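Here is a set of questions and answers for a reader who wants to see how a structural label is earned. Each answer sets a value beside the rule that gives the label.

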Amino acid sequence: MSVSNATPPGRPGAWPVRVGWLVLTLLCLGVAAYSARYLLDPPRTPAEALGNPMGIPWLVIHVAGAMTALAVGSVQFLPRFRRGARPPHRWTGRVYVVGCLVGGAAALVLASGSFAGPIATVGFSSLGLLWIGVTVLGWRAAVQGRLVDHRRWMIRSWALTLAAVTLRLYLPLVMIMDLPFVPWYRAISFLCWVPNLIAAEFWLRRHRT
Ligand code: HEM
């Protein structure tokens with residue numbers, strides 16, 4: 001994946017961009033580390049797997065792929081990762097794509113068994129399909145040397161990966177505000193990714209080249 005001439009998101013020297021990247025990276029690493037509990041102590045009963053009948057073994061497969069994508073996604077935007085004859089970006093990029101595909105495919109299976117019913121199934125399945133789709137388009141653009149397209153698709157892909165972070169920001173709010181959990185969980189199956197994608201589109205409109 002050669003991306004040496006892809007433009008980093010925003011002016012590299014702009015400090016708000018750097019601070020935003022750092023905050024998102026820390027949130028990603030926090031969610032990835034917290035999710036590792038499913039790998040260290042895998043669920044043995046459906047109840048331990050969120051009451052999801054597909055949870056064993058798909059939750060562990062989902063978490064393994066998705067946390068990999070979450071852990072390496074943000075470093076893909078570092079210009080220094082794209083320099084040199086063999087830029088690390090190429091290898092971490094492959095790891096990211098495999099993580100998204102494994103995490104996304106398992107997410108589709110999990111979505112079909114969500115305890116919150118068909119609305120959550122539609123919300124999470126749409127996210128899973130889009131996540132796989134835009135990541136494959138970004139990977140294909142890189143392989144074909146269409147680096148501006150690669151950058152644009154991968155910004156969309158990362159915005160969708162960040163659904164894992166936004167979901168875990170909303171859920172505590174629902175609990176703190178003592179809102180009814182299941183209806184809000186259904187809403188969050190959309191709210192965790194639709195605003196992210198809209199924000200990415202606004203960003204891409206402002207930074208066309
Ligand atoms: C972006 C596409 C993603 C989709 C479509 C998706 C979908 C799902 C679904 C359907 C479930 C089961 C929920 C239920 O049964 O109601 C789930 C659970 C879970 N997912 Fe994802 N997910 C995505 C990204 C991620 C990422 C990037 C991570 C990061 C590690 C992650 C970590 C988890 C964890 C830890 C659970 C268990 C629930 C919890 O402890 O909060 N997911 N996901």
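A salt bridge is a side-chain nitrogen of Lys or Arg lying within 4 Å of a carboxyl oxygen of Asp or Glu. The model examined here is a predicted one.

Q: Why is the meeting of the R156 and E201 side chains called a salt bridge?
A: The N to O distance between the side chains of R156 and E201 is 2.5 Å, and the rule asks for a nitrogen and a carboxyl oxygen within 4 Å, so the pair qualifies as a salt bridge.

Q: What makes R156 and E201 a link between distant parts of the chain?
A: R156 belongs to helix α6 while E201 belongs to helix α9 (residues 194-206), and the two are 45 residues apart.

Q: Why does R156 count as buried or exposed, and what about E201?
A: R156 has a relative accessibility of 12%, and because buried means under 20%, R156 counts as buried. E201, at 29%, falls between the limits of 20% and 50%, and therefore counts as partly exposed.

Q: How many salt bridges does a search of the whole structure find, and which residues pair with D41 and with D149?
A: The search finds three salt bridges. In one of them D41 pairs with R44, with the closest N and O atoms 3.3 Å apart, and in another the side chains of R146 and D149 meet at 2.8 Å, N to O.

Q: How do you know whether D41 and R44 are buried, partly exposed or exposed?
A: D41 has a relative accessible area of 46%, which lies between 20% and 50%, so D41 is partly exposed. R44 reaches 58%, and because exposed means over 50%, R44 counts as exposed.

Q: Why is α5 called roughly parallel or roughly antiparallel to α6?
A: Helix α5 (residues 118-143) and helix α6 (residues 147-161) pack at an angle of about 155 degrees, with their axes 8 Å apart. Angles over 145 degrees count as roughly antiparallel, and therefore α5 is roughly antiparallel to α6.

Q: Which residues meet where α5 packs on α6, and how do they divide by type?
A: Residues of α5, including L127, W131 and W139, meet residues of α6, among them W153, M154 and R156. The residues of this contact divide into 11 nonpolar, five polar and two charged, and the crossing of α5 and α6 is left-handed.

How values were computed:
Residues are numbered from 1 along each chain as its sequence is written. This is a predicted model: local features need pLDDT of at least 70, side-chain atom pairs count only at pLDDT 80 or more; totals for chains, interfaces and linings use all residues. Side-chain values use heavy atoms; hydrogens and water are left out. Axes are lines fitted to C-alpha atoms, for helices over the stretch in contact, and angles run from 0 to 180 degrees between N-to-C directions. Helices (H or I, at least four residues) and strands (E, at least two) are DSSP runs, numbered from the N terminus. Angles under 35 degrees count as roughly parallel, over 145 as roughly antiparallel, 65 to 115 as roughly perpendicular and the rest as oblique. A crossing is left-handed if the near helix is turned anticlockwise from the far one by less than a right angle, and right-handed if clockwise. Contact means heavy atoms within 4.5 Å. Ala, Val, Leu, Ile, Met, Phe, Trp, Tyr, Cys and Pro count as nonpolar, Asp, Glu, Lys and Arg as charged, and the others, Gly among them, as polar. Buried means under 20% relative accessible area, exposed over 50%, partly exposed in between (1.4 Å probe, protein chains only).
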